[in-house]
Amino acid sequence: MLWKFENLFALATLTAGIDRTGLQRLDAVLFPSGIGEFEEEKYRVMSGSRALQRLEPLTPDILGEMFVLDHLDPRKGADSRLAELFRQRAWEINPVGMIAFLARSTMDFPLHPTLNPLTQPVDTDPIVRIGWALAAFFLCTAHGSAGRISEARALYQDLVALSEAHPDEPAVREPRAKAAYNLMYDYIGHGKLEEARALYEGLVALSEAHPDEPAVREQRAMATVNLGVVYGKQGQLEAARALYEGLVALSEAHPDEPAVREPR
């Protein structure tokens, strides 16, 4: 019976708590044999809090995050499909709770393997898209910093696909732009200048396609500096000069944006 309580703990932690009145609708997926009679005293002892109308998440947050990630980890005996099942249910139950969990976990345990299945693309409603995009940005950055460029690139491509499917949602596009900037920096660090240049050109095109979004333009301006420094160090002074002149033009076209003028 312990696994049933562990599943409850994991789901409650992913969703920032579960209303007990909604437990029965979880049976078919996570509790195929039924949860049976809910034993409040056992849950209270295991969680350290009294379950009344809600099953509270495990606290402190960092303990709850590690518990969930380990509980769903196939390397520790979990069914390989479990993380996907939990991911689906958590987004359905409480998107805001799932957003908060992923945001914290991708910062606290960025290289935990369970984060990959938990951070698969989600495209249901605006708040879920925004939350997923933010989590994907954090995880993409973590992969890049750890030298896992292929994993970072795959997440970035997912961000691109989601933002292009919803061109009217700037809140999804901003994490994409930030991820492009960070991934470009990682490529430069690994000596992959062509890949970095391609990301830069994509960032320029994105900012020009959405001129009313200063957040995207700011990432473009900072990326211009990074690429210009590399060209300068390599003696490609004409290329560096062209980037600088583009940055001058960009800042003059947006005189009310110090975040663009500062990189210039």
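This is a short walk through one protein chain, from its overall make-up to a few individual residues.

Bear in mind that this is a predicted model. Let's start with the whole chain. It has 14 helices and two strands. There are 264 residues, and buried ones make up 47% of them. The exposed surface comes to about 12700 Å². Carbon and sulfur atoms supply 55% of that area.

How do the contacts spread along the sequence? Take the pairs at least 6 apart in sequence: 63% of those contacts join residues at least 24 apart.

Now the core. The largest nonpolar core has 64 residues. Which members touch the most others? Those are W91, L102, W132 and Y156. Look at L102 up close. Setting aside neighbours within four places in sequence, L102 is in contact with W91, L115, L118, T119 and A135. So W91 turns up on both counts: it is listed with L102 among the best-connected core members, and it is a contact of L102.

Next, a helix pair. Two packed helices are described by the angle between their axes and the distance between the axes. Here the pair is helix 10, residues 170-189, and helix 12. Their axes come within 9 Å and cross at roughly 10°. The cut-off for roughly parallel is under 35 degrees, so helix 10 counts as roughly parallel to helix 12.

Who meets whom? From helix 10 we have R173, E174, A177, K178, Y181, M184, Y185 and I188. From helix 12 we have A215, V216, Q219, M222, A223, N226, L227 and V230. By class, the contact has 11 nonpolar, two polar and three charged residues.

Stay with helix 12, which covers residues 214-233. R220 is found there. Is this arginine buried or exposed? R220 has a relative accessible area of 12%, and the cut-off for buried is under 20%, so R220 is buried. Beyond its sequence neighbours within four places, R220 is in contact with Y200, L203, V204, S207, E208 and L250.

On to helix 13, residues 237-253, where we find S251. S251 is buried too, at a relative accessible area of 4%. Its C-alpha sits 8.7 Å from that of A221, and the two are 30 residues apart in sequence. Not counting residues up to four places away, S251 touches V260, R261 and R264.

A glycine next. G144 lies in helix 8, residues 126-145. G144 is buried, with 2% relative accessibility. What does G144 touch away from its sequence neighbours? Leaving out residues up to four places away, the contacts are I149, A152 and D186. There is also N182, 38 residues away in sequence, with a C-alpha to C-alpha distance of 7.7 Å from G144.

Last, two backbone points. Most residues other than glycine have a negative phi, and most peptide bonds are trans. Where are the exceptions I want to show? One is the peptide bond from T59 to P60, which is cis, with omega near -5°. P60 lies in the loop between strand 2, 54-55, and helix 4, 61-71.

The other is A16. Its phi is near 65°, a positive value in a residue other than glycine. A16 lies in the loop between helix 1, 2-14, and strand 1, 18-19. At 38% relative accessibility, A16 counts as partly exposed.

That's the tour. Happy to go back to any of these residues.

Methods: Residues numbered from 1 in each chain as written. Predicted model: local features only at pLDDT ≥ 70, side-chain atom pairs only at ≥ 80, totals over all residues. Heavy atoms only, no water. Helix = DSSP H or I, 4+ residues; strand = E, 2+ residues; numbered from the N terminus. Buried < 20%, exposed > 50% of the residue type's maximum accessible area, 1.4 Å probe, protein only. Contact = heavy atoms within 4.5 Å. Core = buried A, V, L, I, M, F, W, Y, C linked by side-chain atoms within 4.5 Å. Areas by Shrake-Rupley, 256 points an atom, 1.4 Å probe, with all protein chains shown as cover. Axes fitted to C-alpha atoms, helices over the stretch in contact; angles between N-to-C directions. Parallel < 35°, antiparallel > 145°, perpendicular 65-115°, else oblique. Nonpolar A, V, L, I, M, F, W, Y, C, P; charged D, E, K, R; others polar.
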